[in-house]
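Biologist: I would like a close look at a single part of this chain, followed by its surroundings. Please keep the answer connected and brisk.

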Amino acid sequence: MKIFVYHTPEAVPKNVALPDCAIAVDVLRATSTIATALNSGAEGVQAFSDLQTLIDVSESWDSTHRIRIGERGGKTVEGFDLGNSPLDCTPERVKGSRIFISTTNGTRALECIQAAKTVLTAAFINRATVVEYLLQHQPETVWIVGSGWEGSYSLEDTGCAGAVVEGVLKAGKIPLEELAGNDEAVAAVALYRNFQHDLVSLFKHASHGQRLVGLKLYEDLEYCAQIDSLNVLPIQKEIGVLVKH
Ligand code: 3SL
């Protein structure tokens, strides 16, 4: 297995073969929300980069089993049912429903890898399930793609990529120099090791973490920092639609 880490969707190489397994990461907060919604019994999560396309596609869905999540700049988009807080995705709210979601960066990251053979999403809260999948299935090539923020690097996504690589390393079969497909993967592990005992502090150093604190979403940060707390693996079953593995 070789793991390549890309900090943003823009950094993903074009015109090359897609990996056996591609993993989108948007710790704050799209992939934390997706994991939470599926863990709470959502039927599936359908991701869109474009808000109007989301509205058009979701229109044909039974309105009693449809939840539209729209976020731009950390705030709920007018007319949508929910913003992008994982804390809103309780079983009472989402069980049995299809979630239609569009966020500033996370859903774009998903879109850029959606043609890969296997597509997963990772956050700190479901990191262990991603590691378990990689160890069990041993894909030859893996891309972990951070969402970043509007094209620039996000500390928290690279930290989570490092947490996944570290989890595979801990299984003890492959040393880092063999496992890492690029320098970014090595840097991601170093970043994770530096903050592993205080992920809230990692978030507070991150510009998007600071943006969410500014919006008084501190509880979201604490929730998203609970590493390995959910036993749920989101996997793409058809283009753009994630279900519980
Ligand atoms: O950028 C994204 O896709 C979002 O997850 C951002 S936010 O955390 O909802 O503000």
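In strand 10, which residue is the bridge partner of Q46?

Modeller: A caution before the answer: this is a predicted model. The partner of Q46 in strand 10 is V241. That bridge belongs to the pairing of strand 3, residues 44-47, with strand 10, residues 241-244. The two strands run antiparallel and are joined over 2 bridges.

Strand 10 also pairs with strand 9, residues 234-238. Here 4 bridges make the connection, and the sense is again antiparallel. Within this pairing, Q236 has L242 of strand 10 as its bridge partner. Strands 9 and 10 form a hairpin, with 2 residues between them. G240 sits in that turn and has a positive phi of about 85 degrees.

Now the aromatic residues. The model has 5 aromatic pairs. Take W61 and F100. Their ring centres are 5.8 Å apart and their planes meet at 75 degrees, so this pair counts as edge-to-face. The pair links distant parts of the chain, 39 residues apart. W61 lies in the loop between helix 2 (51-58) and strand 4 (66-72), while F100 belongs to strand 6, residues 98-102. Their exposure can be stated for each. W61 has a relative accessible area of 29%, so it is partly exposed. F100 is buried, because its relative accessible area is 0%. With F48, the two residues W61 and F100 form one aromatic cluster.

A ring elsewhere has a charged neighbour. R211 lies over the face of W149, at 3.9 Å from the ring centre.

Next, the nonpolar interior. The largest nonpolar core holds 77 residues. The members that touch the most other members are I3, I23, I99, F124, L134, I144 and V165. Helix 6, residues 155-170, supplies the largest share of this core, with 7 residues. A second, separate core has 5 residues, including L54, V77, F80 and F100. F100 is therefore a member of this second core as well as being buried at 0% relative accessible area.

Back in the largest core, I3 merits its own list. Leaving out residues up to four places away in sequence, I3 touches L134, V142, I144, V165, V168, L179, A180, G181, N182 and A185. Among these, L134, I144 and V165 are also named with I3 as members touching the most others in the core.

Note on methods
Residues are numbered from 1 along each chain as its sequence is written. This is a predicted model: local features need pLDDT of at least 70, side-chain atom pairs count only at pLDDT 80 or more; totals for chains, interfaces and linings use all residues. Side-chain values use heavy atoms; hydrogens and water are left out. A nonpolar core is a set of buried Ala, Val, Leu, Ile, Met, Phe, Trp, Tyr and Cys residues joined through side-chain atoms within 4.5 Å. Buried means under 20% relative accessible area, exposed over 50%, partly exposed in between (1.4 Å probe, protein chains only). Contact means heavy atoms within 4.5 Å. Two strands pair if DSSP finds at least two bridges between them. Rings of Phe, Tyr and Trp (its six-membered ring) pair if their centres lie within 6.5 Å; planes under 30 degrees apart count as stacked, over 60 as edge-to-face and the rest as tilted. A charge sits over a ring if NZ of Lys or CZ of Arg is within 6 Å of the ring centre and within 35 degrees of the ring normal.
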